[in-house]
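Subject: Structure handover

Hello,

Here is the structure I promised to pass on. Please open it alongside this email and follow the residues as they come up.

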Amino acid sequence: MATENPPHWSDILKRRLANSKKDERSEEEKKAEETELFTKYYSEWKGGGNRDRSYKNIPRFYYRLPAEDEILLQKLREESRAVFLQRKSRELLDNEELQNLWFLLDKHQVPPVTGEEAMISYEAYLKVGEKAGPKCKQFFTASVYGKLLHSDPYGRISIMQFFNYVMRKVWLHQTRIGLSLYDVAGQGYLRESDLENYILELIPTLPQLDGLEKSFYSFYVCTAVRKFFFFLDPLRTGKIKIQDILACSFLDDLLELRDEELSKESQESNWFSAPSALRVYGQYLNLDKDHNGMLSKEELSRYGTATLTSVFLDRVYQECLTYDGEMDYKTYLDFVLALENRKEPAALQYIFKLLDMENRGYLNVFSLNYFFRAIQEQMKLHGQEPVSFQDVKDEIFDMVKPKDPYKITLQDLVTSCQGDTVSSILIDLNGFWTYENREVLVANDSDGSSAGDLDDT
């Protein structure tokens with residue numbers, strides 16, 4: 001027996017309206033009822049009559065962090081994160097798998113060789129991807145191939161460049177997992193104590209630091225950590241994103257110390273090397289004449305060439321963290337990083353804050369004159385004829401070319417790429433003398449190189 005199809009919702013609505021008794025309702029009321037019935041029957045027809053459309057259907061996307069007294073929840077969270085990171089670590093290529101990948105790539109190289117580099121075509125690249133296993137699948141995509149494709153007339157890519165790309169990606173993921181193990185909060189950033197623990201446990205794996213005495217470890221860790229926080233935490237929040245640590249070059253510099261044959265020049269230019277850390281700490285000890293472990297303003301005045309102006313040093317002790325008017329090693333490290341890296345935005349931000357006495361966000365003629373007057377006084381003490389401030393002021397504004405012709409902002413200094421020169425002119429007699437005699441110094445260098453060329457011949 002054939003089943004009868006249920007009436008269509010539109011037929012039901014028409015029948016209902018046709019059978020309704022004649023009433024005296026207004027057209028608006030009739031329209032309202034019509035709309036209500038339409039909505040009801042349409043929902044039933046679509047099968048949504050029993051569907052719960054409340055907020056309860058929204059999946060939960062926020063889970064609060066355990067409170068300090070919720071020990072069990074904290075332990076559970078730590079354990080689950082550790083298991084997650086272990087699983088992620090197992091997904092990475094190990095040394096044997098990397099060697100196998102290199103063997104497959106070398107086996108599938110496509111002639112002719114470009115220079116000394118073996119090349120691979122897209123077809124061969126896809127074949128290697130199929131044979132390399134599931135862990136390598138993410139590297140064998142059209143977008144990766146396109147990134148590495150340059151000017152080869154046959155549309156091939158360099159095997160070495162591709163392998164280096166894979167190695168770099170694996171290293172980044174390994175390092176991220178390694179750093180995440182120290183992320184106690186589990187929020188994707190490291191606090192100062194977290195990064196200190198990471199570097200302390202890293203020291204035994206760096207051959208270039210084998211000569212460090214264990215008694216110096218705490219000072220080395222402090223020296224290393226300050227560079228990360230000085231440049232990557234400009235707002236001084238006390239924490240750094242792991243993503244920012246991976247994106248900068250500092251970790252590369254630190255891990256460069258794994259190279260047992262690192263040149264002396266590379267060690268001297270690397271902030272994290274043993275010679276560099278000992279140099280900075282040695283300078284601190286030499287400045288500390290009363291051996292109380294802190295630096296007074298008078299002691300700090302002998303920093304470098306001892307030509308920093310007293311006005312600038314006053315501002316340092318007004319703005320920076322001190323203890324009974326004296327500076328500790330950590331604050332000294334910020335001072336050194338700022339003065340040794342004056343071209344960097346973070347260093348300029350540090351110095352600009354000291355120059356901006358009234359915290360207005362810009363330097364005007366008064367600010368420049370206030371600091372340069374101290375340079376003029378130092379010139380008199382050294383028996384030199386003071387330079388006119390008007391001339392220096394005009395040169396500074398010409399160099400920086402600020403948006404506002406009467407104000408120089410931090411952004412103006414950074415954009416102009418003259419921030420290091422401007423700061424040197426205002427805070428350091430030696431820096432001003434170098435700027436004032438730059439043409440003579442360049443000429444002397446040229447004469448010296450010419451003489452060297454003549455001697456060689």
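**Start at Tyr329**

Tyr329 counts as buried, because its relative accessibility is 8% and the cut-off for buried is under 20%. Keep in mind that this is a predicted model.

Where does Tyr329 sit? Its place is in helix α16, which covers residues 329-340. Now look around the side chain. Leaving aside residues up to four places away in sequence, Tyr329 touches Phe219, Cys222, Thr223, Ala277, Val280, Tyr281 and Tyr284. Take Tyr284 from that list. Tyr284 and Tyr329 are 45 residues apart in sequence. In space, their C-alpha atoms are 7.4 Å apart.

Tyr329 also belongs to a cluster of rings. Which residues do the ring pairs link? They are Phe216, Phe219, Tyr281, Tyr284, Tyr303, Tyr329, Tyr332 and Phe335. Try selecting these eight names together on your screen.

**Other ring pairs**

How many aromatic pairs does the structure hold? It holds 27. Two of them are worth a look.

Begin with Phe230 and Phe231, an edge-to-face pair. The centres are 5.0 Å apart, and the angle between the planes is 85°. Both Phe230 and Phe231 are buried.

Next come Phe372 and Phe432. Their ring centres are 5.3 Å apart and their planes are at 70°, so this pair is edge-to-face. Phe372 lies in helix α18 (residues 365-381), while Phe432 lies in helix α22 (residues 429-436). The pair therefore ties together parts that are 60 residues apart in sequence. Are these two rings buried or exposed? Both Phe372 and Phe432 are buried.

**Charges over rings**

Lysines come into the picture too. The charged end of Lys239 sits over the ring of Tyr189, at 4.3 Å from the ring centre. Lys407 does this with Tyr362: its charged end sits over that ring, 4.5 Å from the centre.

**A covered helix**

Move on to helix α17, residues 345-355. This helix is mostly covered. Of its eleven residues, eight are buried. Which ones? They are Ala346, Ala347, Leu348, Tyr350, Ile351, Phe352, Leu354 and Leu355. What covers them? The cover includes α9 (217-232), α15, α16, α18, α20 (410-416) and α21 (419-427). You have met α16 already, as the helix that holds Tyr329. You have met α18 as well, as the helix that holds Phe372.

**Backbone details in the loops**

Three spots in the backbone deserve a check.

- Pro111 and Pro112 are joined by a cis peptide bond, with omega at about 0°. Pro112 is found in the loop between α4 (95-107) and β1 (119-120).
- Ala306 has a positive phi, near 60°, and is a residue other than glycine. Its loop runs between α14 (297-300) and α15 (310-319). Ala306 counts as partly exposed because its relative accessible area is 43%, and partly exposed means between 20% and 50%.
- Asp324 also has a positive phi without being glycine; its value is near 55°. The loop between α15 and α16 holds Asp324. Is Asp324 buried or exposed? Asp324 counts as exposed, because its relative accessibility is 85% and the cut-off for exposed is over 50%.

That is the tour. Send any questions my way.

Best wishes

Note on methods. Residues are numbered from 1 along each chain as its sequence is written. This is a predicted model: local features need pLDDT of at least 70, side-chain atom pairs count only at pLDDT 80 or more; totals for chains, interfaces and linings use all residues. Side-chain values use heavy atoms; hydrogens and water are left out. Helices (H or I, at least four residues) and strands (E, at least two) are DSSP runs, numbered from the N terminus. Buried means under 20% relative accessible area, exposed over 50%, partly exposed in between (1.4 Å probe, protein chains only). Contact means heavy atoms within 4.5 Å. Rings of Phe, Tyr and Trp (its six-membered ring) pair if their centres lie within 6.5 Å; planes under 30 degrees apart count as stacked, over 60 as edge-to-face and the rest as tilted. A charge sits over a ring if NZ of Lys or CZ of Arg is within 6 Å of the ring centre and within 35 degrees of the ring normal.
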